[in-house]
Amino acid sequence: MKKKLIASLLATVLTVSTLAGCGGSSGNSTQTNAGSQTETAQDTAAQDTTAQDTATEDTGNTQEAAETAGGDVTIRLFSNLPDRKNGQGLVEQMIIDEYMEANPNVTIEVEALDEEAYKTKFKAYAMSGMPDVVSIWGQPSFLDEVLDAGVLAELNEADYADYKFIAGSLEGFKKDGKLYGLPRNTDIMLFYYNQKMFDDNGWTVPATYDELLELCKTIQGAGITPVAMDGGDGWPMACFLTDILVKVAGTDYAEIIRNAVAAGDFTAPEIREATQILVDSAAAGMFQTGYDSQDYGTTMNLFTNGQAAMYCMGSWDCSMALNEDITPEIRDNIRAFTMPVVEGGKGGAKDIAAWNGGGYAVSASSEVKDEAVKFLNYMYQPDKLSKYGWENGVGMSAQDQTEYLTGNETELQKQVMDILKEATSVSGTPINDCGPSVFKTTIENEIQGVSNGYTSVDDFLEAIGNACK
Amino acid sequence: MKKLYSNKLVIFSLVLPGVLVFLFAVLAPIILSVYYGFTDYSGMGEAKWIGWENYAALFHDSAFGRSLLNSLLLAIGFICIQHPLAILVAAVLDKLQGRAEGVFRCIYFIPNVISVAVIAYLWKFIYNPDFGLLNNVLKFFGYQGKINWLSQQNAIWSVLLVLIWHGFGWGMLIYYTGIKNIDPVLYEAASIDGANWWTTFFRITLPLMKPVIQINVTMAIISALKQMETVYLLTNGGPSNSTQFAANYLYQQAFKSFRYGYGNAIGVVFILICIVTTVVLNTVFREKQDA
Amino acid sequence: MKTTWQKVGKVILWVVLVCVAVIQLFPLIWLVDFSLGSSNEMFTNGLLIIPETIRFDNYVKAFVDGNFLHYLRNSVLINTLAVLLVLIISIMAAFACQRMKWKLSGFVSTLLLLGMMIPIHATLLPNYKIYSTIHLTDTLWALLIPYVAFSLPQGMFLMTGFIQSVPKELEEAAVMDGCGIYRIVFQIITPLLKPSIATVAIMTFLNNWNEFMMASTYLSTPTWKTLPFSVLEFTGEYSSNYAVQFAVMALTAAPAVIVYVILNKHITKGVAMGAVKG
């Protein structure tokens, strides 16, 4: 023990670790060409398979590659989709089952945890060795440190030329021009609402934020919760804040956040204004009682059980429209709109908060890396994740889905597709994911306190600024 | 006899498993924690020695301060709410004879054998403002509002309520045993003197229970410090760290914020606080007993 | 006059006891009640519901998808092993420190008891590092070692006290008959410790049966996961179906509650004995 300790002490004195900088390659407000070109292969030729075997030597695993080469292979998949019977989790499971059927020698073991628990455990795994295929997020808060540590295997970008990835969607998964993961979705922040409830009460979709506030007051008067908000987790509210900020700052959003993270100073007037709007909205009773402590499932159920008129969440929850656990009366009437414009803000109705967040990667230390990459590629064949996802109504994939239009799409799906198609700009990475992970933890903790009026906007901005330093 | 009882080899073999377990599972991690507490190790890559920086940061960390304050609140809650109730109920239960006594004792203890995982999730539902049991009970009694039990202001008290509820049977049982151990002759003497129940309770039961109370109070304070699992599942420290506890905080820092080194520094301070508290409490109570 | 007062007193006494019993038990009744209904029935104004149809299939789902039997088996196995190890190790160590003559006996005894002061969760981070370095994560040992380690001090403490009260004459007679130390420990002392063994076993069981923090940190595949995981995993899987979530909670709580109610007298005695001495 002692010897080991001294040795590691010496080792650490000798090495100077690189600190992950703030900011990074986030938020490039690209013009969307929803579902058109494939990834522009600008530097694909430059990076062949050279780096395939980097960063894999130091695994120290005992049973080296005993089970590769034709024999039985077990691939461990670590997923953030615990619900295997609905939505995205179902899609993932379908592909796994299909793959195992096509490759009888392959067994895929799934470990699935809720998003928060997933991220915690992922970091623990990063210390000790990853499962073979993992869910990741192509955002600095998640990926920067992970890539610095070299725990993810490099992928060969040229392999994916035919996979119809939407332009720019791979950017978040790259470091120094090398690709380490693939995006699964194009995520858009939405207000889901209950069309029937709206019609019955004569409510209309608001065009401006003031109208939204007014509408919320009316809904409250009717004894219904206006907006169901998963405030217990912190990140949905940060996405909500992002959405407001996009309406306030327009296409400057990414720039403003990048500067704020770099300087550790979030006092820019746009950020302050957006935060103030969030605080005022919460104070006006826009969200359900106890929103700041309720989890994802509880919040969503509030909406799907008709207790709330609207539900603020990303486009991945479009699968609600096909969820058998929800009564048809509600499930068939779910529609969506995007954040209404803020008066005096630079963002137009069609500047939306959207990004390519979640995806998959392969562990650098995987004992069955080749098999794992094979499975990853299988998942991303355009007729798998993308097609099944579309058929199961989980929103937009990060690949071109036009050829899978069946005409049987739910109304909700069509709406979301149109929203993305008609968007004049998309925001890129949401605010909480633009900095290092300390920043992420801090903002997701602090946003609860600022929204419920416990801490002042100034203190909030200062606290998240300090977390970047 | 003597020779047999001082055989070094035999002693060694008897003690070895225990010592090994201690070295491997208690001492080694603490040493490792002390080491990592001096580094900026993120959990991956290389660790860099940064001296006392983590500890300096910890000193200014308001969330950590909040965790300690919460432990204090919890301990006070235990001592001022749970324990008086437990003693009273134990004293009342003692008056009961026959089967009823056993049945009640059994019922009171049941929450104690249920997993924290179930308890925490169950109370999440109980606290739910929309369909939770607690608000439904209030509605039943005519109160119409929706109380947000886990809001920033209320959450710590709600956590406290869960813990008091969960641990009530345990505390009650110990006091109950303590009361049963009191010599019945004393009560007989008191009743001959014409003392009523209250006087007997305050003059005889309570004073004689002093050692039991001291043990229970010590355990309450320690368990308030060590609290993690209920909070981890019920609120995970939120909203905004208002229900943060040291153990949960160090876990979050290490595995959520990529600050493994900092998490370990918290761990070291946390261990020290626990040791000092235990030692201080023991000394204080021992001195009192001697006096 | 006196008798009416006594009657009133008796009524108050019963009211208090019943109230406390209701508070302790009602949440559990609520849990079972709603686990038999459907999710939509959650949103009622009443305290309890009479389900439209009693849905036992909630429990079937919980039983199958919650991996109930497998996790139960793991829990039983791991806890039994932990109890056995704690008993053996603590009896041996307590005997050596209490009865045998050597210089360091006091020191070692204090050392082993020190574990009582260490917060178990503070070792989560470094232990994770250690276990992953030597490949103990996701094995039985990753749970067994800390479970034993953190129940040992208490076991050691109780055993020391109990061994102290065993009369020395017995051992002296045994030595006369030519018994070795091991035989004295395991054949003469141990049988005398029966009640204390029960106490230590019960305390260890209660300590570890419901533990999940270490389990969720050190384990990743279902191979060794314990009963609390039925709840932890299942609630994510069935996040939109409250009734089934309730069913899995009730099911997970059931084994311990049933065993407790059956063995209630012994467990109460054991806990009382351990707690008052501890």
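This passage describes a predicted model, taking in the fold of chain B, its contact with chain C and the domains of chain A.

Chain B is helical. Its elements comprise 14 helices and zero strands. Read from the N terminus, the order is α-α-α-α-α-α-α-α-α-α-α-α-α-α. The C-alpha trace of chain B spans about 75 × 75 × 35 Å along its principal axes. Its radius of gyration is 24 Å, whereas a compact globule of 291 residues would have a value near 19 Å.

Chain B meets chain C through many residues on each side. On chain B, 76 residues are in contact with 70 residues of chain C. Helix 2 of chain B, residues 8-37, provides the largest share of the chain B side, with 17 residues. By class, that side of chain B holds 57 nonpolar, 13 polar and six charged residues.

One helix pair illustrates this interface. Helix 2 of chain B packs against helix 3 of chain C, which covers residues 68-98. The angle between them is about 125°, and their axes lie 8 Å apart. Angles of 65 to 115 degrees count as roughly perpendicular and those over 145 as roughly antiparallel. Helix 2 of chain B and helix 3 of chain C are therefore oblique to each other. Their crossing is left-handed. From helix 2 of chain B, the contact draws on B:Ile11, B:Leu14, B:Val15, B:Pro17, B:Gly18 and B:Val21. Helix 3 of chain C contributes C:Ile89, C:Met92, C:Ala93, C:Phe95 and C:Ala96. Ten of the residues in this helix contact are nonpolar, one is polar and none is charged.

Chain A is divided into two domains. Domain 1 comprises 69-183 + 357-397, and domain 2 comprises 189-352 + 428-466. Each domain is thus listed as two segments of chain A. The C-alpha centres of domain 1 and domain 2 of chain A are 28 Å apart. Domain 1 of chain A gives 17 residues to the contact between them, and domain 2 of chain A also gives 17 residues.

On the domain 1 side, helix 2 (87-102) and helix 4 (140-148) of chain A each supply at least two residues. Helix 4 of chain A gives the most to this side, with five residues. By class, the side of domain 1 of chain A that touches domain 2 has five nonpolar, nine polar and three charged residues.

Key. Residues numbered from 1 in each chain as written. Chains lettered and ligands numbered in written order. Predicted model: local features only at pLDDT ≥ 70, side-chain atom pairs only at ≥ 80, totals over all residues. Contact = placed C-beta atoms within 7 Å. Helix = DSSP H or I, 4+ residues; strand = E, 2+ residues; numbered from the N terminus. Nonpolar A, V, L, I, M, F, W, Y, C, P; charged D, E, K, R; others polar. Domains from an automatic or database assignment. Axes fitted to C-alpha atoms, helices over the stretch in contact; angles between N-to-C directions. Parallel < 35°, antiparallel > 145°, perpendicular 65-115°, else oblique. Left-handed = near helix turned anticlockwise from the far one by under 90°. Rg over C-alpha atoms; globule rule 2.2 N^0.38 Å.
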